[in-house]
Amino acid sequence: MAYSTIQIGILGCAEIARKVSRAILLSQTATLCAVGSRSIEKAQKFAADNGFPATAKVYGSYEEVLDDPNVDAVYVPLPTSLHIKWAVLAAQKKKHLLLEKPVGLNVEEVDVILAACEANGVQFMDGTMWMHHPRTAKMREFLSDAKQFGELKSVNTCFTFTADQNFLENDIRVKPDLDGLGALGDVGWYCVRGILWAADYELPKSVIALRNPVFNKAGVIISCGASLLWEDGKVGTFHCSFLTNMTMDLTAVGTKGTLHIHDFIIPFEEKKASFISAVECGFKELALGWVPKPSEHTVTTDIPQEALMVREFCKLVGSIKNEGAKPEKKWPTLSRKTTLVLDAVKASIEKGFEAVEIVS
């Protein structure tokens, strides 16, 4: 049986919403149904500039999008400090929720949002796009191969970019009243998710923030890092920053193999992405080289990872809407675990870089 496409409304006209609007169009499983902004002129311009169909509704408030009976789901790219209000209201209005990361300012906020989604039977998913790229599944196959990769021992992630002066002074991600987690919540979210992904989502026992984090004048983190420690001896480390050259690296090291990836958050190219695997490498005679050499693997996709994210979200929403399925719990669980680690990093910084145990 053919079902109609999922009708998605957008709350706000943030820059990232342009990318997701394009993804909704490319997914071919959803329709841009409505957009709301505090300024109707801004919403009208956003709809005109981003391919909204003539049938889409344009509203001068977020509430009107949530009250629209034709809207099945909403994408919410608002500042993190506004998530708890609008995400909970969306769930109460029975709108399925694609929420930009970080999900909340702390796990207490995230728990309120997730409880509202569960109580109202709506699907929750955060906007971590790289999770949906087919390369991610291929890399998981390698990490799960005991003969090639062995047992995970360490994982390191890094996401940095050089923000210009305008960003460092005016972007919502450096404002304590809008996105108080700063670089930790923005780019650090991806670093932590990458480490948890490599560890098959097993939470570490404790977290120790690295010394010398950088804060702006308002006290918001613009550069930091941490070590994650597991009881079995695994170690994860990450660095995130608005102050250094664009880097998106993930390296996972096992007893037999190593995984390297240099664009794990946003692939260098939209429709193909690669990773490097090294298996039981050793030295050539006189240590003049490696044998065997690491190998590169390329994975192609017809549509970009953000469109695949929308497609997966719509598949879950469609199952609930048309078949009476229950919301998939995987995605809220991953969001909560990521937030628990971010909370621990922040607490470790505030406690003078002490180890902070994670209590799930």
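Is Ala198 buried or exposed? In this predicted model, Ala198 is buried, with a relative accessible area of 7%. The residue sits in helix α8. Setting aside residues up to four places away in sequence, Ala198 touches Arg140, Leu143, Leu152, Val155 and Ala252. There is also a link across the chain to look at: Ala198 and Leu250 are 52 residues apart in sequence, and their C-alpha atoms are separated by 9.3 Å.

Helix α8 itself, residues 182-198, packs with helix α10, residues 330-350. The angle between the two is about 115 degrees, and their axes lie 9 Å apart. The crossing of α8 past α10 is right-handed. On the α8 side, the contact is made by Leu184, Gly185, Gly188, Trp189, Val192, Arg193 and Leu196. On the α10 side, the residues in the contact include Leu334, Thr338, Val341, Leu342 and Val345, along with Lys337 and Lys346.

Next come the annotated regions. UniProt, in an unreviewed entry, gives residues 6-125 the label "domain: Gfo/Idh/MocA-like oxidoreductase N-terminal". This span is 43% helix and 22% strand, and the C-alpha atoms at its two ends lie 15 Å apart. For residues 144-259, the UniProt record (again an unreviewed entry) lists "domain: GFO/IDH/MocA-like oxidoreductase". Here the chain is 20% helix and 41% strand, with 12 Å between the end C-alpha atoms.

Now for the strands. One open sheet is built from six of them, in the order β3-β2-β1-β4-β5-β6, and the pairing is parallel. The edges are taken by β3 (57-59) and β6 (124-126); each has a single partner strand, so one side of each is left without a neighbour in the sheet. On average, neighbouring strands of this sheet are turned by 25 degrees against each other, direction ignored. At the β3 edge, the partner is β2 (residues 30-36), and three bridges join the two in the parallel sense. Within that pair, Gly36 stands opposite Tyr59 of β3. Packed on the sheet is helix α2, residues 40-49, which touches β1 (6-11), β2 and β3. The direction of α2 makes about 150 degrees with that of β3.

Antiparallel pairing turns up further along the chain. Strand β7 (residues 152-162) pairs with β12 (residues 243-254) over nine bridges, in the antiparallel sense. Leu152, one of the residues touched by Ala198, has Gly254 of β12 as its bridge partner. Strand β12 is also joined to β13 (residues 257-261), this time by four bridges, and these two run antiparallel as well. Together β12 and β13 form a hairpin, with two residues between them. Leu250, already met through its C-alpha separation from Ala198, has Ile261 in β13 as its bridge partner.

Strand β8 (residues 206-209) likewise has partners on record here. Four bridges join β8 to β10 (residues 221-229), and the two run antiparallel. Ile208 is bridged to Ser227 in β10. Two bridges join β8 to β18 (residues 356-357), also in antiparallel fashion. In this pairing, Val207 stands opposite Val356.

Another residue to look at is Arg135, which lies in helix α6, residues 134-143. Arg135 counts as buried, at a relative accessible area of 2%. Apart from its neighbours within four places in sequence, Arg135 is in contact with Ile261, Asp263, Phe264, Pro267, Ala273, Ser274, Phe275 and Val299. One of these, Ile261, is the bridge partner of Leu250.

That leaves the cysteines. A disulfide is a covalent bond between the sulfur atoms of two cysteines. With a cut-off of 2.5 Å between sulfur atoms, the count comes to zero disulfides. Cys158 is in no disulfide, and its nearest cysteine sulfur, that of Cys191, is 6.2 Å away. Cys158 counts as buried, at 16% relative accessibility. Cys224 is in no disulfide either; the sulfur of Cys240 is its nearest, 3.6 Å away. Cys224 is buried too, with a relative accessible area of 3%.

How values were computed
Residues numbered from 1 in each chain as written. Predicted model: local features only at pLDDT ≥ 70, side-chain atom pairs only at ≥ 80, totals over all residues. Heavy atoms only, no water. UniProt positions renumbered as here; feature names shortened; annotations may be inferred. Pairing = 2+ DSSP bridges. Axes fitted to C-alpha atoms, helices over the stretch in contact; angles between N-to-C directions. Contact = heavy atoms within 4.5 Å. Buried < 20%, exposed > 50% of the residue type's maximum accessible area, 1.4 Å probe, protein only. Left-handed = near helix turned anticlockwise from the far one by under 90°.
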